[in-house]
Amino acid sequence: MLQGRRVLLCVTGGVAAYKSAYLARRLVEAGATVRVEMTESALEFVGAQTFAAITGEHPFTALFAADLVSPHTELARWADLVIVAPATGATIGRVANGISEDLVSATIIATTVPVLLAPAMHTEMWEHPATERNLETLRGFGYHIIGPEIGALAGGDSGMGRVAEPEEIVVAAGDILGGEGKGQKVLVTAGGTREPVDPVRYLGNRSSGKMGHAIADAAIRRGYDVTLVTTADLPTHPAAKLIRVETAEEMLAAVAGVEPHVAIMAAAVADFRPKSAAESKIPRADGLPSIELTETPDILASVVQRHPRPFTVGFAAETGGVERAVEKARKKDVDLLVYNDVTEPGSGFGTDTNRVVLIDRSGDTEELPLLAKSEVAERLLDRVAAAIGEQG
Ligand code: PMT
């Protein structure tokens, strides 16, 4: 489950930091892309170069002195999972109390992805009521906690407080990232098709691909096996199987080669294309050309007509009321239709946000507020997972 996933390993200052070098290696061996953050105290216990050699990238060690403009937010968004190992009492205390005073605590507070903490400290510190209270708070935030265990501690002591073994942390990470999508294939289409008029011109539309790519990204994070068929040249999660296409015909062919459990058709597919594309550039000097149009294939229909058919989500880019979309959902015979009014500010084409209405088979509607497209993707996948769950 770690293949292709992005793991941010935060190493804080305890003697157990030496074990995190092995943890980094195990994560890399499991197929994850690993980046490392280290606190100042962690650097007292183990060198940054060790992690650089294992992960292929230099660790990030300061809030303000990295190659990135805003390391804590950029790394918080980059990761699929944040692991804090070892997690010292100080870091646990800072995060539980919202104190983002170093790179590690700021990143944990800035991230929205799952966080797995592997506490390590002396038994007396572990048993202190402040630690108990802080861990209770972190559990309340939904963070995952693994260990500690009984064993040898720093300075020849032994007792409760030894960090969980790297293998156990890797297994826990896989379980967390497994998500509801484990074993399920999702097909996502994204972007606007381009139908050639001649070698330099095309009929197209304003779809940027942001909506579809956000869905593919969110689906990967939930453990789905994702194929993304897209016309857009946007950053894509490394775990997604990417098929780049240009035209509706190419998109149809790519979609035909995928047998998903869930199909989410967010692409803006041209409804018409030039019947034939000119072989050379149509010269302006020849006067106004007459371009004969023909229909493109209905890709959504080709999916809906399959036996067995996947759970199918269509999108409706409309410029009118939701009623037309309810009718469209019925006609298109989709399991769920995502309606967006593309004339509304902040919605539809090219924006980072979208306001959508989810329409189910019985015509029931769920209106979502204006949200980041990444959040629309999460809410949509929640609905898909719930509906599939109900179908058994
Ligand atoms: O890419 P962004 O800039 O982020 O913008 C997102 C979006 C506005 C493109 C997206 O949210 C959206 O609405 N996508 C669907 C756009 C569209 O083509 O809507 P439609 O109502 O014309 O098509 C209905 C459905 O049929 C869609 O699922 C579409 O993918 C599908 N279709 C349409 C025509 C066709 N020939 N084949 C199809 O499969």
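What percentage of the 392 residues in the protein chain is buried? In this predicted model, buried residues make up 48% of the chain. The secondary structure comprises 14 helices and 21 strands, and the C-alpha trace spans about 85 × 50 × 40 Å along its principal axes. Of the contacts between residues at least 6 apart in sequence, 65% join residues at least 24 apart. The surface exposed by the protein chain amounts to about 18,500 Å², of which carbon and sulfur atoms supply 51%.

Charged side chains were examined next. The protein chain carries 37 positive and 52 negative side chains, and the centres of these two sets lie 5 Å apart. On the surface, a patch of negative charge is formed by E124, E127, E132 and D157. Of these residues, E132 is placed in helix 8, which covers residues 129-140.

A search of the whole structure yields 31 salt bridges. One of them pairs E149 with R162, with 3.6 Å between the closest N and O atoms. This pair links distant parts of the chain, since E149 belongs to strand 6 (residues 149-152) and R162 to strand 7 (residues 158-162), 13 residues apart. E149 counts as buried because its relative accessibility is 19%, under the 20% limit. R162, at 26% relative accessibility, counts as partly exposed.

A salt bridge also joins R355 to E344, and here the closest N and O atoms are 2.7 Å apart. R355 lies in the loop between strand 18 (353-354) and strand 19 (356-360), whereas E344 lies in the loop between strand 17 (336-341) and strand 18; the pair therefore ties together parts that are 11 residues apart in sequence. Both residues fall in the partly exposed class, R355 with a relative accessibility of 30% and E344 with one of 24%.

Another salt bridge is formed by the side chains of R383 and E366, at 2.6 Å from N to O. Distant parts of the chain are again linked: R383 is located in helix 14 (residues 373-391) and E366 in strand 20 (residues 365-367), 17 residues apart. The relative accessible area is 23% for R383, which is partly exposed, and 27% for E366, which is likewise partly exposed. Beyond such pairs, R5, D80, D217 and R221 are joined into one network by salt bridges that share partners.

Terms used
Residues are numbered from 1 along each chain as its sequence is written. This is a predicted model: local features need pLDDT of at least 70, side-chain atom pairs count only at pLDDT 80 or more; totals for chains, interfaces and linings use all residues. Side-chain values use heavy atoms; hydrogens and water are left out. Helices (H or I, at least four residues) and strands (E, at least two) are DSSP runs, numbered from the N terminus. Buried means under 20% relative accessible area, exposed over 50%, partly exposed in between (1.4 Å probe, protein chains only). Contact means heavy atoms within 4.5 Å. Accessible areas come from the Shrake-Rupley method with a 1.4 Å probe; for residues, only the protein chains shown count as cover. Lys and Arg count as positive and Asp and Glu as negative; His and the chain ends are not counted. The place of a charge is taken as NZ of Lys, CZ of Arg, CG of Asp or CD of Glu. Patches are made of residues with over 30% relative accessible area and no salt bridge: like charges are joined within 9 Å, nonpolar side chains (Val, Leu, Ile, Met, Phe, Trp, Tyr) within 5 Å. A salt bridge is a side-chain nitrogen of Lys or Arg within 4 Å of a carboxyl oxygen of Asp or Glu.
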